[in-house]
Each structure stands twice: as C-alpha cells, then as structure tokens.
Amino acid sequence: MKHIISLLMENEAGALSRVAGLFSARGYNIESLTVAPTEDATLSRMTIVTRGPDEVIEQITKQLNKLIDVVKLVDLSEAGHIERELMLVKVLAEGEWREEMKRMSDIFRGRIIDVTDKTYTIEMTGAGHKLDAFLDALDKNAILETVRTGASGIGRGDRILKS
C-alpha cells in the first residue's frame with residue numbers, strides 16, 4: 001500500500017541525508033521525496049512517498065521518530081488528505097500534433113508554458129493518477145521529455161502538522 005509520510009525536521013545540514021540513509025540502510029524504497037523550508041525558517045517539511053505493508057510502514061515511522069532532527073511526523077495516508085504533484089512535459093507540437101496537444105492540455109487542465117515552432121511544454125498539477133492518465137492519453141511518440149516532482153500533501157480540515 002502507498003503511504004505519504006510528512007514530517008517536520010530541523011532545517012540543518014545533513015538532516016536530509018540522515019533520513020535517506022535510514023531508508024537505504026534498512027532496504028526501504030523511497031518513491032518520491034520533497035523537502036522545503038516551512039513558515040518557520042528553522043524547520044523544513046519533508047514529504048516521503050513509500051510503499052509497503054502496514055508493519056513495515058510502522059517500523060519506518062518508529063525509526064524516523066528516533067532521529068534527532070525529526071520534530072514531528074504524520075502518515076497522511078491514515079486519514080483524509082490532499083495530495084498534488086507537479087509535472088512538466090515537453091511534447092511535439094508541429095503539423096497535426098499542434099492542435100491535438102493544445103486540446104489534450106485543455107482537457108486535463110494543463111497550461112502550455114513554453115511554445116516553439118516544434119514543441120510545447122505543458123505544466124500540470126494534480127493527483128498522480130491524473131498525471132498518469134494524461135501521459136497515457138498522449139501518443140508515446142509525441143512525448144519528448146517528462147519531469148515530475150513527486151507528491152506533496154497536507155491533511156484535510158483540522159489535521160495540522162506543526163511543532
């Protein structure tokens with residue numbers, strides 16, 4: 001099962017490598033990882049997407065909580081949450097492809113952010129399955145390059161991750 005683990009950690013050199021090291025030392029895989037400072041400059045928020053049975057995720061969270069840099073941790077997957085990814089995709093946009101790429105971008109609520117005589121670069125945000133569906137809907141020969149951020153998430157309603 002997919003889990004989105006969000007944690008607050010001290011915004012210090014080496015903190016990210018300690019978290020990544022914990023995963024690699026125990027043979028756990030990180031599907032995606034995002035990290036950035038919060039409204040409090042001394043803290044960063046890290047979002048880790050990983051997969052595994054509940055017992056493994058429980059072990060991961062216990063080990064993360066033991067790290068001195070980790071202030072607070074929550075598994076967003078345990079309750080209502082909002083998750084989004086950002087994707088940039090460069091596609092062929094010449095001849096018959098040009099109008100088709102614009103139409104597909106509009107259907108999936110993407111934005112064309114760069115235009116050349118041969119390509120479009122499309123920006124899209126949403127849940128991972130939406131971005132996957134967009135890529136699946138395109139002709140594979142039209143996709144030149146894809147960049148994705150991985151998931152960022154936040155709890156719904158009163159569910160807040162704060163120190």
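**Salt bridges and aromatic pairs in the predicted model**

At a relative accessibility of 41%, Glu31 counts as partly exposed. In this predicted model, Glu31 forms a salt bridge with Arg51, and the closest N and O atoms of the two are 2.5 Å apart. Glu31 is located in the loop between α1 (15-25) and β2 (32-37), while Arg51 belongs to strand β3 (residues 43-51), so the pair ties together parts that are 20 residues apart in sequence.

The chain that holds this pair contains four helices and nine strands. Read from the N terminus, the order of elements is β-α-β-β-α-β-β-α-β-β-α-β-β. Along the principal axes, the C-alpha atoms fill a box of roughly 55 × 35 × 30 Å. The chain has 163 residues, of which 38% are buried. Among contacts with a separation of 6 or more, 73% are accounted for by residues 24 or more positions apart. The chain exposes about 9,200 Å², and 51% of this area is supplied by carbon and sulfur atoms.

Charged side chains number 22 positive and 26 negative, and the centres of the two sets lie 2 Å apart. A search of the whole structure gives 10 salt bridges. One of them joins the side chains of Lys2 and Glu83, with an N to O distance of 2.9 Å. Lys2 lies in strand β1 (residues 2-10) and Glu83 in strand β5 (residues 81-92), so this salt bridge ties together parts that are 81 residues apart in sequence. The two partners fall into separate accessibility classes: Lys2 is partly exposed at 27% relative accessibility, whereas Glu83 is buried, with a relative accessible area of 15%.

A salt bridge within a single helix is formed by Lys62 and Glu58, whose side chains meet at 3.2 Å, N to O. Both residues lie in helix α2 (residues 54-66), and their spacing of four residues is about one turn of the helix. Lys62 is partly exposed, with a relative accessible area of 42%; for Glu58 the value is 42%, and this residue is likewise partly exposed. Elsewhere, Glu85, Asp132 and Arg148 are joined into one network by salt bridges that share partners.

Aromatic contacts were examined next. A pair of aromatic rings is described by the distance of the centres and the angle of the planes. The count of aromatic pairs comes to two. In the pair of Phe23 and Tyr28, the ring centres are 6.2 Å apart and the planes stand at 80°, so the arrangement is edge-to-face. Phe23 is buried, with a relative accessible area of 1%.

Phe108 and Phe134 also form an edge-to-face aromatic pair, at 5.3 Å centre to centre and with 70° between the planes. This pair links distant parts of the chain, 26 residues apart: Phe108 is in the loop between α3 (96-107) and β6 (111-115), and Phe134 is in helix α4 (residues 128-137). Phe108 is buried, with a relative accessible area of 17%. Phe134 is buried as well, at 0% relative accessibility.

Note on methods
Residues are numbered from 1 along each chain as its sequence is written. Side-chain values use heavy atoms; hydrogens and water are left out. Helices (H or I, at least four residues) and strands (E, at least two) are DSSP runs, numbered from the N terminus. Buried means under 20% relative accessible area, exposed over 50%, partly exposed in between (1.4 Å probe, protein chains only). Contact means heavy atoms within 4.5 Å. Accessible areas come from the Shrake-Rupley method with a 1.4 Å probe; for residues, only the protein chains shown count as cover. Lys and Arg count as positive and Asp and Glu as negative; His and the chain ends are not counted. The place of a charge is taken as NZ of Lys, CZ of Arg, CG of Asp or CD of Glu. A salt bridge is a side-chain nitrogen of Lys or Arg within 4 Å of a carboxyl oxygen of Asp or Glu. Rings of Phe, Tyr and Trp (its six-membered ring) pair if their centres lie within 6.5 Å; planes under 30 degrees apart count as stacked, over 60 as edge-to-face and the rest as tilted.
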